[in-house]
Amino acid sequence: MSTTDAHTRVLDGRVVLVTGAGQGLGRAAALAFAAQGATVVLLGRTVAKLETVYDEIVRAGGPQPAILPADLAAAQERDFEALAQAIAGQLGRLDGILHCANAFARLSPLSQQTMEQWLIQFRVNTLAPFAINRFCEPLLKRSPDAAVILVGETHGHAPAAYWGGYAVSKAALEAYFRVQADEWADRPNLRINLVIPGPIHTPFRHRTHPAEDKSALPPPEALCPLLVELMGPQGQKTRGQVIAFRS
Ligand SMILES: NC(=O)c1ccc[n+]([C@@H]2O[C@H](COP(=O)([O-])OP(=O)(O)OC[C@H]3O[C@@H](n4cnc5c(N)ncnc54)[C@H](OP(=O)(O)O)[C@@H]3O)[C@@H](O)[C@H]2O)c1
């Protein structure tokens, strides 16, 4: 069965929140989810980028998305609570979350890193996924089939020199993932998985590897079939898994 057939769109009727939806993997996934019938809530920091993705979805004939501007580095507990209330109020349901928002300071030795850089990376990469999931949990629990996808990074799994606070924030995300997966283990209608992409051609990669020839790198769209599968009914049996993507 083709997943691109308009009559068999696997995410029809679902509402899916995508963070970091303005560029890179978040943008590609938002377009892919909408192409499969999902109403996508586009969350990000730069409204102009979210509006461009909104227009792309509408032009392609996808369900009208929603835009939720948020600076996850500054958001407080009450802001995360308001975010969940906005989704409940405007859309009435939530069936999935893909966490793609990504804060990265720069590659440098620990002796040159600052507490402020560490805090921002922790707030966006670790605390925001926890807080969004925590306040959206009541909505997710009401869905007949809810899926949460966290996005890790190789250096969170195997930390190495110069990745500093970024690697530590992603390692902490993996630890959070294991706690959350364990707590949701007995919930047949709510699952969480962690995807670790290999190198993909996004603006982030230009910051981590500026001199690299990017022509051989897969585009973020290469991951989208996996993300659609995990988000939809085909992913129901995949839960609590760390999934490394290699193109
Ligand atoms: N690219 C790779 O090679 C690669 C490899 C392994 C893992 N990954 C993982 O894949 C995920 C997505 O990466 P990517 O390459 O698509 O990243 P990206 O190009 O850096 O895009 C990140 C997105 O996060 C948003 N964002 C950053 N700070 C934010 C904040 N304070 N509040 C709200 N949104 C914020 C950005 O919004 P603005 O555009 O408005 O700043 C942007 O849309 C990350 O978890 C990353 O670790 C990527």
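Buried here means under 20% relative accessible area, exposed means over 50%, and partly exposed falls in between. Keep that handy for the exercises below, and remember that you're looking at a predicted model.

**Exercise 1.** Work out whether D145 and R14 are buried or exposed, and what their salt bridge ties together.

*Solution.* Start with the contact: the closest N and O atoms of D145 and R14 sit 2.9 Å apart, and the pair forms a salt bridge. Next, place the partners. D145 is in the loop between helix 4 (115-142) and strand 5 (146-151), while R14 is in the segment before strand 1 (15-19), so the bridge links parts 131 residues apart in sequence. Now the accessibility: D145 comes in at 7%, so it's buried. R14, at 11%, is buried too.

**Exercise 2.** Do the same for R27 and E221: find where each one lies and classify its accessibility.

*Solution.* Their side chains meet in a salt bridge at 3.7 Å, N to O. R27 belongs to helix 1 (residues 24-35) and E221 to the loop between helix 7 (203-208) and helix 8 (224-231), so this pair ties together parts 194 residues apart in sequence. R27 has 24% relative accessibility, which makes it partly exposed. E221, with 41%, is also partly exposed.

**Exercise 3.** Which helix holds both R178 and E174, and how is each residue classified?

*Solution.* Both are in helix 6 (residues 164-183), four residues apart, or about one turn of the helix. Their salt bridge spans 4.0 Å, N to O. R178 is partly exposed at 47%, whereas E174 is buried at 7%.

Note on methods: Residues numbered from 1 in each chain as written. Predicted model: local features only at pLDDT ≥ 70, side-chain atom pairs only at ≥ 80, totals over all residues. Heavy atoms only, no water. Helix = DSSP H or I, 4+ residues; strand = E, 2+ residues; numbered from the N terminus. Buried < 20%, exposed > 50% of the residue type's maximum accessible area, 1.4 Å probe, protein only.
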